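Visitor: Could you walk me through this one? I'd like to go from the contact between the chains down to single strands.

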Amino acid sequence: MAASSASEYIKHHLGNLTYGRLPEGYERLDHHGDVVETLQTSTWTFAHNGQEAADMGFMAFHVDSLAWAGGLGIIMCLLFWLVARKATAGVPTGFMNFMESIIEFVDNQVRDTFHGKSKLIAPLSLVIFCWVFLMNLMDLIPVDLFPKLFEWTMVTFFGWDAHQAYFKIVPTTDPNITLAMSFSVMLLIIGFTVKAKGFGGFVGELAFKPFETDNIVLKLLLLPVNLVLETISLLSKPVSLGLRLFGNMYAGEFVFILVAAMMGTWQFIGAWPWAVFHILVITLQAFIFMVLTIVYLSMAVEEH
Amino acid sequence: MNINATLIGQAIWFALFVIFCMKFVWPPISKALEERKQKIAEGLSAADRAERDLVLAQEKASSNLKEAKEKASEIIEQANKRANQIVEEAKDQARTEGERLIEKAQSEIDQEINRAREELRKEVSALALSGAEQVLGREVNRDAHKQLLDDLAAQL
């Protein structure tokens with residue numbers, strides 16, 4: 001495979017299927033760089049290339065990420081719902097036993113770390129662990145399988161150009177997905193803190209820590225320093241949480257894509273050992289995301 | 001790798017799934033697990049109790065058996081004693097009966113002897129009388145010598 005086509009292949013694999021708004025007067029180019037059309041009004045459309053996706057700014061959705069994340073989440077919820085509907089105190093069947101063991105595992109993690117009372121945190125941890133695991137699991141599917149299927153479908157039935165058929169099936173290699181989850185967790189951290197310590201307590205934690213003093217003048221002097229430090233510490237939690245998952249999955253996906261780009265049809269020779277190793281990574285990352293969420297929330301509730 | 005409204009979409013998915021699990025998944029399953037835990041604990045304690053009961057029952061059965069054995073041997077002993085007693089009594093009875101029979105026989109013999117002696121005496125006195133008559137050649141007055149004759153008979 002030639003170098004330019006290899007880099008194109010990799011770029012294509014790293015692009016998301018983006019549906020968003022292009023501004024008025026935007027000049028759409030084809031992949032040779034020629035102007036195809038100039039938009040008369042601002043238009044919601046699928047991005048034809050990475051530049052368009054970037055130019056859409058914030059008003060854009062990664063359709064593939066959202067669809068896979070949502071689909072996997074729905075499948076997960078359905079499976080759980082099936083188990084919940086048939087849950088009895090009697091002898092569980094094989095599948096129910098499996099699901100119950102996951103639930104007990106999560107429950108133990110929550111009980112070990114979080115000592116407050118909350119109806120939210122256990123199901124939250126369950127969703128995080130299982131959902132992130134399922135999304136990560138998509139990494140083990142051969143990198144070309146679904147993108148090629150999607151490309152073939154769109155080219156055959158919808159008359160798309162093959163270049164615009166971006167398709168990423170691993171939602172957690174999209175920072176939007178991981179950061180959305182980690183910032184949701186941050187909102188929960190703030191919510192838990194306010195609920196446990198009151199709004200004053202929350203503000204007090206931001207303003208009067210980590211440098212504490214009884215002197216009122218010193219307190220005021222230290223206030224900006226504390227505020228900056230604590231705000232950074234509060235924000236660094238979701239950022240590190242989201243980026244850790246994203247970075248691990250992105251790196252793993254990148255290796256699969258590189259192997260595929262180098263070996264083509266024979267990619268499984270290189271991809272198989274990496275996939276075996278990756279089973280550990282995807283489970284571990286899902287576990288870490290869950291455990292850190294529990295830890296952050298229990299820190300939010302407990303007194304320092 | 002652009003940051004965009006996907007964030008919001010994913011946050012909505014997240015919230016939906018968490019709420020769904022919080023409402024419809026976690027409560028029934030954790031309730032079922034809790035119930036099962038309780039059921040198993042009850043079952044285990046029931047098994048413990050049954051085991052204890054079994055031990056108690058075995059102890060009771062063995063003590064009953066022992067008691068029964070003791071009673072049985074006691075009864076046998078008593079029966080033996082009683083049998084011996086009966087045998088002794090029977091022996092005693094037989095002995096006294098025998099003695100009585102012997103005594104009776106003896107007294108009968110004595111009576112026979114006396115009677116024989118009486119008869120003999122009478123015959124002897126008659127013989128003596130006739131002898132004496134023949135010797136004296138005359139009749140002896142029976143009434144006059146009655147005393148003498150009786151004395152003679154008594155000496156025989």
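Visitor: How many residues does each chain bring to the contact between chain B and chain A?

Guide: Bear in mind that this is a predicted model, where local features need pLDDT of at least 70, side-chain atom pairs count only at pLDDT 80 or more, and totals for chains, interfaces and linings use all residues. Residues are numbered from 1 along each chain as its sequence is written, with chains lettered from A and ligands numbered from 1 in the order in which they are written. Two residues are in contact if their C-beta atoms, placed from the backbone, lie within 7 Å. On that basis, chain B gives 29 residues and chain A gives 43 residues.

Visitor: How do the residues on chain B's side of that contact divide into nonpolar, polar and charged?

Guide: Here Ala, Val, Leu, Ile, Met, Phe, Trp, Tyr, Cys and Pro count as nonpolar, Asp, Glu, Lys and Arg as charged, and the others, Gly among them, as polar. The side of chain B that touches chain A then splits into 20 nonpolar, six polar and three charged.

Visitor: What is the radius of gyration of chain B?

Guide: Start with the secondary structure: chain B has two helices and zero strands, where helices (H or I, at least four residues) and strands (E, at least two) are DSSP runs numbered from the N terminus. Its C-alpha atoms fill a box of roughly 195 × 20 × 15 Å along the principal axes. The globule rule, 2.2 Å times the number of residues to the power 0.38, goes with a radius of gyration taken over C-alpha atoms. That rule gives 15 Å for 156 residues, so chain B is more spread out than a compact globule, with a radius of gyration of 60 Å.

Visitor: Which residues of chain B does UniProt list as "coiled-coil region"?

Guide: UniProt positions are given in the numbering used here, feature names are shortened, and annotations may be inferred rather than shown by experiment. The unreviewed entry also lists a "transmembrane region" at residues 6-26 of chain B, a span that is 100% helix with end C-alpha atoms 28 Å apart. The stretch you ask about is 100% helix and 0% strand in the model, with its end C-alpha atoms 94 Å apart. In the UniProt record, the "coiled-coil region" of chain B is residues 58-122.

Visitor: What is the strand order of the open three-stranded sheet in chain A?

Guide: Strands pair if DSSP finds at least two bridges between them. β1(A) pairs with β4(A) in the antiparallel sense over four bridges, and with β5(A), also antiparallel, over three bridges. The order is β4-β1-β5. β4 (43-46) and β5 (60-62) of chain A each have a single partner strand, so one side of each lacks a neighbour in the sheet, and the edges are β4 and β5.

Visitor: Which residue in β5(A) is the bridge partner of Tyr19(A)?

Guide: Along β1(A), Arg21(A) stands opposite Trp44(A) in β4(A). On the β5(A) side, Gly20(A) faces Ala60(A). For Tyr19(A), the bridge partner is Phe61(A).

Visitor: How many of the five residues of β1(A) are buried?

Guide: A residue is buried if 20 or more other C-beta atoms lie within 10 Å of its own, exposed if 12 or fewer, and partly exposed in between, with C-beta atoms placed from the backbone. Across chain A, buried residues make up 36% of the 304 residues. β1(A) is largely enclosed by the rest of the structure, because its buried residues number four of the five.
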